[in-house]
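I opened this entry to look up charged pairs and the nonpolar core, and I note below what I found.

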Amino acid sequence: MPRFIHAIAATLMVLTGTAGLASDMPDGARPPADPVSQNYTLGIDDKLALTVYGEDGLTGEQQVGPDGSIAVPLIGKVRAEGRTVDAVSAEIRDRLAAGYLRNPSVSIAILTFRPFYILGEVNKPGEYAYRKGLSVAEAVATAQGFSYRARKKYVFVKRAGASEEQKLELRPDLLVMPGDTLRIGERYF
């Protein structure tokens with residue numbers, strides 16, 4: 001009977017995706033965090049879900065506009081570009097508390113991230129939707145693969161907000177971040 005219970009528990013762990021997370025990690029260690037979630041700063045075209053608890057008229061979807069702000073009912077524009085979700089929600093809470101609501105509770109979640117761009121020696125360069133955990137290899141596949149002239153050892157990456165691109169070795173664990181511009185260079189022979 002105990003074997004049967006262990007088999008059911010193992011099956012549930014596999015189905016829920018928790019198999020091996022705790023047992024493979026050293027004591028006190030956590031799985032690696034998503035680099036996008038840690039200290040992510042908002043940018044133009046990020047789509048947000050703003051929730052002001054108990055206030056349906058203030059709750060809704062927002063998109064960071066070309067001016068870098070979102071428009072919140074009652075308080076107007078709130079600068080979002082270059083700030084974290086926590087900083088933006090704290091400002092909204094403080095501004096609502098300063099004359100509109102008593103002890104407001106504000107939450108912001110990112111619905112969709114700003115797009116990334118891929119240029120150069122790919123079959124379909126352009127703008128593509130970002131998703132968490134996207135690797136450069138997957139981004140190239142999204143752009144229908146390398147062209148026949150592509151240099152496949154390096155990629156040039158310009159991070160959002162950076163002034164210059166970096167030449168990086170093309171590795172399987174190299175991740176794309178929202179707003180990145182990837183450029184695949186041309187080989188000469």
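**Charged pairs, then the core**

I began in helix 2, where R95 and E91 lie four residues apart and are therefore separated by about one helical turn; helices here are DSSP runs of H or I of at least four residues, strands are E runs of at least two, and both are numbered from the N terminus. The model is predicted, so I kept in mind that local features need pLDDT of at least 70 and side-chain atom pairs pLDDT 80 or more, while totals for chains, interfaces and linings use all residues. Residues are numbered from 1 along each chain as its sequence is written, and side-chain values use heavy atoms, without hydrogens and water.

The side chains of R95 and E91 form a salt bridge at 3.0 Å, N to O (a side-chain nitrogen of Lys or Arg within 4 Å of a carboxyl oxygen of Asp or Glu). I found R95 partly exposed at 28% relative accessible area, and E91 likewise partly exposed at 21% (buried is under 20%, exposed over 50%, partly exposed in between, with a 1.4 Å probe and protein chains only).

I next looked up R171, whose salt bridge with D173 has its closest N and O atoms 2.9 Å apart; R171 is partly exposed at 35%, whereas D173 is exposed at 53%. Shared partners join R83, E91 and R95 into one network of salt bridges.

Turning to the largest nonpolar core (buried Ala, Val, Leu, Ile, Met, Phe, Trp, Tyr and Cys joined through side-chain atoms within 4.5 Å), I noted 38 residues, of which I70, I92, F116, I118 and L182 touch the most other members. Helix 2 gives the largest share of this core, four residues.
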